[in-house]
Amino acid sequence: MEHTDPTRESYEALPYERLVHRFTHPERIARTARLRGFEPAPVSTARVLELGCASGDNLVGIAYGLPEASFVGVDLSVRQIEAGQRRVADLGLENVVLRAGDLRDVDEAWGTFDYVLVHGVLSWVPEPVRLRLFEVCRERLSPEGVAFVSYNALPGWRFRRLVRDVSLAGAAGGREPRERVRLARERLALVAENVFDAASPWGRYLAARQKELENESDGEFMHEFLEEQNEAFALRDVVGWAAAAGLEYLADAQEPYVTEEPPPQVRRALEALPDEIAREELLDVLRERTLRQSLFVHAGGPARHRVDAVCGAGPRAELEITHLSRGILQSTRPRASALARLQATEGSRVTSLEHRNVTLDPLAEKVLVLLDGSRTVEEVAAACGWPVAMVEAVIEGLFGKALLEG
Ligand SMILES: C[S@@+](CC[C@H](N)C(=O)[O-])C[C@H]1O[C@@H](n2cnc3c(N)ncnc32)[C@H](O)[C@@H]1O
């Protein structure tokens with residue numbers, strides 16, 4: 001199939017940052033699905049496919065903790081896939097295959113999958129890819145399979161759209177991605193600092209976003225605000241595209257339940273709405289939701305019980321996925337996750353065993369790379385030139401962030 005070259009070029013020039021997306025973890029998806037009365041395939045031996053997986057960091061983070069499950073990732077960007085393949089080889093992971101290609105070409109030769117993950121893709125691809133994406137999900141899903149599809153959500157994302165418009169105008173003269181990001185940042189700063197009415201909602205919003213975006217990497221900035229294609233959708237439209245492909249909306253992976261009782265007037269307004277989608281859309285406004293992470297299953301399956309998503313009548317999903325015992329703190333030769341150790345040699349952002357992004361401080365970074373299970377705490381302290389008690393405190397901190405495995 002003909003590839004969308006502008007998309008590929010932009011991701012090759014400024015690859016997406018290494019990030020894992022905690023709600024894509026099949027364990028969390030399975031727990032949310034079960035709360036809706038849908039019994040998904042066992043996670044420990046599942047087959048997992050990720051469409052638009054970039055360098056596969058998200059998939060690798062999941063695969064590292066599920067050695068009996070198998071994982072396939074596909075992305076248009078050859079450069080990102082090659083980087084991911086090197087990472088998989090360095091870690092010696094035998095349960096991950098990363099392939100460069102167009103997601104539209106994923107056919108029956110790829111087999112079927114219990115979990116299909118599509119994070120940060122739907123909003124970024126042109127309509128034909130968007131519609132095919134749902135067909136691929138349905139065609140590749142096993143009968144008890146669950147697809148995860150995230151997208152920028154309306155109406156909340158319209159606020160970010162304002163920032164995108166200012167950024168796009170600023171970047172207009174730039175030729176290559178880094179220059180465009182620089183120009184866009186300059187324009188945002190100029191506008192935020194000189195807006196005629198700094199006390200107006202517009203002035204305050206721009207100033208707050210501009211400050212926030214100073215901490216965002218060029219890659220994140222580029223793909224959120226300067227990509228040629230970046231759309232936001234209402235839940236109703238997304239559910240419609242999925243239905244046309246033969247999929248049924250199950251739930252959202254993130255905060256499916258509101259634990260606090262809403263005020264009576266909100267409850268009455270929600271109860272008066274005709275269907276679950278209308279209730280979800282009102283909740284989106286009340287929550288200022290800008291991102292949806294929706295789960296889909298084959299249409300026409302067994303009836304599910306609809307958990308009351310309004311007032312927390314259903315049990316809240318227990319979404320933590322590791323249950324590490326404090327006993328490992330007694331280990332004479334502590335061992336940190338090999339994935340995190342490898343990542344720490346390249347930068348301060350690592351993936352935890354709970355599939356979260358963790359930014360290490362310099363002390364933690366220094367200790368973590370030494371915790372390969374071959375050294376005692378005293379030897380680590382000697383290698384760092386620090387007192388043993390200080391190293392013990394750092395190790396305790398690493399345990400708290402789910403980075404210790406033995
Ligand atoms: C915004 S990035 C998201 C990356 C990753 N899933 C994440 O959320 O961190 C979108 C990714 O989709 C990929 N992509 C876009 N169109 C594609 C297509 N037709 N087939 C496969 N990958 C595609 C891009 O190369 C890019 O890596």
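The exercises below, each with a worked solution, deal with a predicted model of a protein and its ligand.

**Exercise 1. The fold in numbers**

Task: State how many helices and strands the protein has, and what share of its residues is buried.

Solution. Begin with the secondary structure: the protein has 16 helices and 10 strands. Next, take burial. The protein has 406 residues, and 39% of them are buried. Last, look at contacts along the chain. Of the contacts between residues at least 6 apart in sequence, 77% join residues at least 24 apart.

**Exercise 2. The shell around the ligand**

Task: Find how many residues surround the ligand and which are the closest. Then sort the shell by class.

Solution. The ligand is surrounded by 24 residues. The closest are Gly52, Ala54, Leu76, Leu103 and Gly120. Two elements give two or more residues each to this shell, namely α1 (5–13) and β2 (70–75). Sorted by class, the shell contains 12 nonpolar, nine polar and three charged residues.

**Exercise 3. A covered helix and a buried valine**

Task: Decide how many residues of helix α3 are buried, and whether Val129 is buried or exposed.

Solution. Helix α3 spans residues 57–65 and is mostly covered, with nine of its nine residues buried. Among them are Asp57, Asn58 and Tyr64, as well as Leu59, Val60 and Ile62.

Turn now to Val129, which lies in helix α5 (residues 127–140). A residue needs 20 or more other C-beta atoms within 10 Å to be buried. Val129 has 22, so Val129 is buried. Leu103 is 26 residues away from Val129 along the chain, and the C-alpha atoms of the two are 8.1 Å apart. Leu103 is also one of the residues closest to the ligand.

**Exercise 4. Unusual backbone geometry**

Task: Locate the cis peptide bond, then compare the surroundings of Glu288 and Ala402.

Solution. Start from the general rule: most residues other than glycine have a negative phi, and most peptide bonds are trans.

Step one concerns the peptide bond. Leu154 and Pro155 are joined by a cis peptide bond, with omega about 0 degrees. Pro155 sits in the loop between β5 (141–153) and α6 (158–171).

Step two concerns phi. Glu288 has a positive phi, near 55 degrees, and Ala402 also has a positive phi, near 55 degrees. Glu288 is in the loop between α12 (276–287) and β8 (291–298), whereas Ala402 is in the segment after α16 (388–400).

Step three concerns burial. The cut-off for an exposed residue is 12 or fewer C-beta neighbours within 10 Å. Glu288 has 10, so Glu288 counts as exposed. Ala402 has 20 other C-beta atoms within 10 Å and is therefore buried.

**Exercise 5. Two packed helices**

Task: Describe how α14 and α15 pack, and name the residues that meet.

Solution. Two packed helices are described by the angle between their axes and the distance between the axes. For helix α14 (residues 362–370) and helix α15 (residues 377–384), the angle is about 125 degrees and the axes are 10 Å apart.

An angle of 65 to 115 degrees would count as roughly perpendicular, and one over 145 as roughly antiparallel. The angle here fits neither range, so α14 and α15 are oblique to each other. Their crossing is right-handed.

At the contact, Lys366, Val367 and Leu370 of α14 meet Val380, Ala383 and Cys384 of α15. By class, this contact has five nonpolar, no polar and one charged residues.

Technical notes. Residues numbered from 1 in each chain as written. Predicted model: local features only at pLDDT ≥ 70, side-chain atom pairs only at ≥ 80, totals over all residues. Near = placed C-beta within 6 Å. Helix = DSSP H or I, 4+ residues; strand = E, 2+ residues; numbered from the N terminus. Nonpolar A, V, L, I, M, F, W, Y, C, P; charged D, E, K, R; others polar. Contact = placed C-beta atoms within 7 Å. Axes fitted to C-alpha atoms, helices over the stretch in contact; angles between N-to-C directions. Parallel < 35°, antiparallel > 145°, perpendicular 65-115°, else oblique. Left-handed = near helix turned anticlockwise from the far one by under 90°.
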